[in-house]
Amino acid sequence: MKVDYASPIVRQADGECFCIHFSGGIRAHRTLVGGAVRWVVGPVRYEGKVSRIGFLSESELKKLARDIGVTSIALQSFGWHEGSYSSRWYPILLDRKDHSQGPSDLWGHIAANILGERSNATLSAMGNPSFDKVANVIDKYTSQERLARSISLNLRGMDVNVEQISEFYNEQLTNHLFSGKSDEVKWSDPAQDPILSVHIHSFFLHFGAARDYLGELIAHRIGAKDPKKRRLDSMEKLRRALGTISSSNDPLLDLLKTKNLVRPPVAQETEWQLDGWLAEASTLRNRFVHKRPYGMLFAEGWGYVKGPSVENGLQKYVRPLISENQNLDDVFDKILSVYANLNLLFQLLAENCGLNAGIIRIHSKDIISIEI
């Protein structure tokens, strides 16, 4: 093949970055100033230019977030090593100080530890192990292992969706600041808007899947089945069956009851019901998954920038959500409320389920084959 042009692809030099994602499209990047951790925040219009401003201490950063009405979403570390890019996302958990292990991590650990307990002896005794032989052992999931892994993957899917929505908000805020548009003037971006709609749709698909895998896991643990003795594979089916269960001591179901996320029937009701934020989030999911995708209503196709704060010039991007009572809420704020509550719930469930959620440790004796 004749080549008329070739240009080397240059990757970033080795290095690592660390930032905090906030609602409204705002980011804070960590840096060191005289050996002390400080934060640089943006984007912001400062002295007529789109900039990042700093250096803020942690307490100053928290005050700034409160003043402009944004919430912290997640910590992200990303960087390059020998030309390879990697990124880690750490959801900020409500009322927690340690965010190094999120719920997706814990449920992944649970699945990995179940796998180790059931397969280590078989793999160690395997003569002449091959890829296919190992796969045959690994893929014989137990029910709890399969459901824990499925919960982990869907929680991770929600992480990806929230990261991409945050990216969309950041780009829209930056574009606005560079455009010189007046504040709170609505504008639409038909080329990019489908990205937002797709990730909102995907977020609620993953939310529903994680919720339903949890329902199936609880049903499996307490031995609940429907009247035809079929397995219950969703939260909805578990809800309907709860009235037929005389008693259960499962900590997962007990936690849902303690957190007022399921409740017994009242008045004319005949079945248990979802309650609290889980019921509200499920209603929102049904709207966007089964009735209409986000962005179908005219007003939802127009975003705007709110602010600025007089003191520092920081603004935030807003994308309206038309609710049933016609209130114009920000759709990302609604999503982040679901995200924060669900993450904390699944963190507590993992910590209290009675299964091993510790990080799996691999020793030299666990290595059965090396291929180079």
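Colleague: How far apart are the end C-alpha atoms of helix H4 (residues 143-179)?

Modeller: It's a predicted model, so local features need pLDDT of at least 70 and side-chain atom pairs pLDDT 80 or more, while totals for chains, interfaces and linings use all residues. Residues are numbered from 1 along each chain as its sequence is written, and side-chain values use heavy atoms, without hydrogens or water. H4 is a DSSP run (H or I, at least four residues; strands are E, at least two; both numbered from the N terminus). Its 37 residues at 1.5 Å each (times one less than the residue count) should span 54 Å, and the ends agree, being apart by 54 Å.

Colleague: Which strands stand at the edges of the open sheet?

Modeller: Six strands line up antiparallel as E4-E3-E2-E1-E5-E6, where pairing takes at least two DSSP bridges. Two of them have a single partner strand each, so one side of each lacks a neighbour in the sheet: E4 (49-56) and E6.

Colleague: Is tryptophan 89 buried or exposed?

Modeller: Tryptophan 89 is in strand E6 (residues 84-91). Under 20% relative accessible area counts as buried, over 50% as exposed, with partly exposed in between (1.4 Å probe, protein chains only). Tryptophan 89 has 6%, so it is buried.

Colleague: Which residue's side chain does a polar contact of 2.9 Å join to that of tryptophan 89?

Modeller: Beyond four places in sequence, tryptophan 89 touches (heavy atoms within 4.5 Å) residues including His21, Leu75 and Arg156. A polar contact needs N or O atoms within 3.5 Å, one able to donate a hydrogen and the other to accept it; sequence-adjacent residues count only if both atoms are side-chain atoms. The partner at 2.9 Å is tyrosine 339.
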